[in-house]
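Here are a few short exercises to work through with the structure open beside you. Try each task before reading its solution.

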Amino acid sequence: MVRDHRVKRIAVLTSGGDAPGMNAAIRAVVRCAIYHGLEVFGILRGYQGLLDNEFIELKPRSVSNIIQRGGTILKTSRSPEFQAVRGRQKAKANLERMRMDGLIVIGGDGTYRGAYELEKIWLGKIIGMPGTIDNDLYGTDFTIGYDTAVNTALQAIDKIRDTADAHERFFVVEVMGRHAGFIALDVSISGGAEEVLIPETKTNIKEIAQRLSLARRKGKTSSIIIVAEGDEEGGAYQVAERLKKLSGCEYRVVVLGHVQRGGSPTAADRILATELGAFAVDELIKGTSGVAVGKVGGKLRTVPFRETFGRKKAIDQFLLKLTSVLSI
Ligand code: ADP
């Protein structure tokens, strides 16, 4: 939606699950906006900070030395209060009192839903930036934080492979992904895992047990099974228990958990965050509102919030098929 008043003062916040590269995104937003003559404020603790009036003015030096840091200098939170109409009315009043013309929200699907609702009642312009390790946002090929999370998980899996190989053991490794198997599939391919269990496909645990037993008979001495936390078979512990019952073999379990969220962002995440931050500011200045920025097929794009949570990004079927082909 395009409205006609000029943007002079903007705010930026990070919301929902943190992701490496959020700081790089904040830095790009702040410096590009100031470069174009805007005033920039950070809002601490996501939508909750917006309700609690936690605005801080940001200058170019406020974002020095953060491009390489994980987490978010603005902090993040989940805000049930913002989900209610009364909460959003308060958010609108606070943005008006601070004379804000624009808002950039960095987060995932929930953050976009919140922005969509706020945009209905506030006259300022809102742009979303995809910051989540899960990569489960429609409208961008990759989200900020995803590449780092995959590489962090992969480093751990490489280490697990060493001990699996030395002791000739089976490992079930759980990676993040409550609703999506992007991390699981990418670490399976890059870590040479034998099996991958993701929420997007129906898991047949009996077939998996048979394949693993057959592989052992054919001389495979170690195997790694990657499970996305949201797989319908449950997490790694449940999967290991079922495989043990079906095959009689012992399975060691590793849950990678929150280590996948932290750490210094990769170059790819820093570059994506920087490009998208600059693009988001350009779009705000042009008067664009109600959209998320993303990169699709190498090109910077905007997509209306509504479309981002109305559609599901597809998993790469070719890669999925390759997991079983390559584990013979
Ligand atoms: P993420 O953005 O990482 O998906 P959440 O799902 O926790 O994280 O969403 C972040 C915040 O966005 C929530 O704490 C809430 O304040 C807001 N939000 C989520 N869904 C909605 C919704 N349907 N309407 C309004 N606000 C929402």
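**Exercise 1.** How far does a backbone N or O atom of Gly110 lie from an oxygen atom of the ligand?

*Solution.* Keep in mind that this is a predicted model. Start at the backbone of Gly110: one of its N or O atoms is 2.9 Å from a ligand oxygen. Next, go to Asp109, where a backbone N or O atom lies 3.4 Å from an oxygen atom of the ligand. Then turn to Arg78, which uses its side chain: a polar atom there lies 2.6 Å from a ligand oxygen. With a cut-off of 3.5 Å between N or O atoms, each pair counts as a polar contact. Finally, consider the cover: on its own the ligand has 560 Å² of accessible area, and the protein covers 80% of that.

**Exercise 2.** Find where the ligand sits and describe the residues around it.

*Solution.* First, locate the site: the ligand occupies the largest pocket. Second, look at the shell of 16 residues, of which Arg78, Ser79, Gly108, Gly110 and Thr111 come nearest. Third, sort the shell by character: two residues are nonpolar, nine are polar and five are charged. Fourth, trace the shell back to its helices. Helix 3 (80-83) and helix 5 (109-121) each give at least two residues, and helix 5 makes the largest contribution, with six.

**Exercise 3.** Which residue forms a salt bridge with Glu117, and how far apart are the closest N and O atoms?

*Solution.* Begin with the principle: side chains of opposite charge can pair when their charged atoms come close. Now apply it to Glu117, whose partner is Lys120, with the closest N and O atoms 3.2 Å apart. Then check the spacing: the two residues are about one helical turn apart, because Glu117 and Lys120 are three residues apart in helix 5. To finish, place the pair in context: the structure holds 18 salt bridges.

Conventions
Residues are numbered from 1 along each chain as its sequence is written. This is a predicted model: local features need pLDDT of at least 70, side-chain atom pairs count only at pLDDT 80 or more; totals for chains, interfaces and linings use all residues. Side-chain values use heavy atoms; hydrogens and water are left out. A residue is near a molecule or strand if one of its heavy atoms lies within 4 Å of it. A polar contact is a pair of N or O atoms within 3.5 Å; within protein, one must be able to donate a hydrogen and the other to accept it, and residues adjacent in sequence count only if both atoms are side-chain atoms. Accessible areas come from the Shrake-Rupley method with a 1.4 Å probe; for residues, only the protein chains shown count as cover. Helices (H or I, at least four residues) and strands (E, at least two) are DSSP runs, numbered from the N terminus. Ala, Val, Leu, Ile, Met, Phe, Trp, Tyr, Cys and Pro count as nonpolar, Asp, Glu, Lys and Arg as charged, and the others, Gly among them, as polar. A salt bridge is a side-chain nitrogen of Lys or Arg within 4 Å of a carboxyl oxygen of Asp or Glu.
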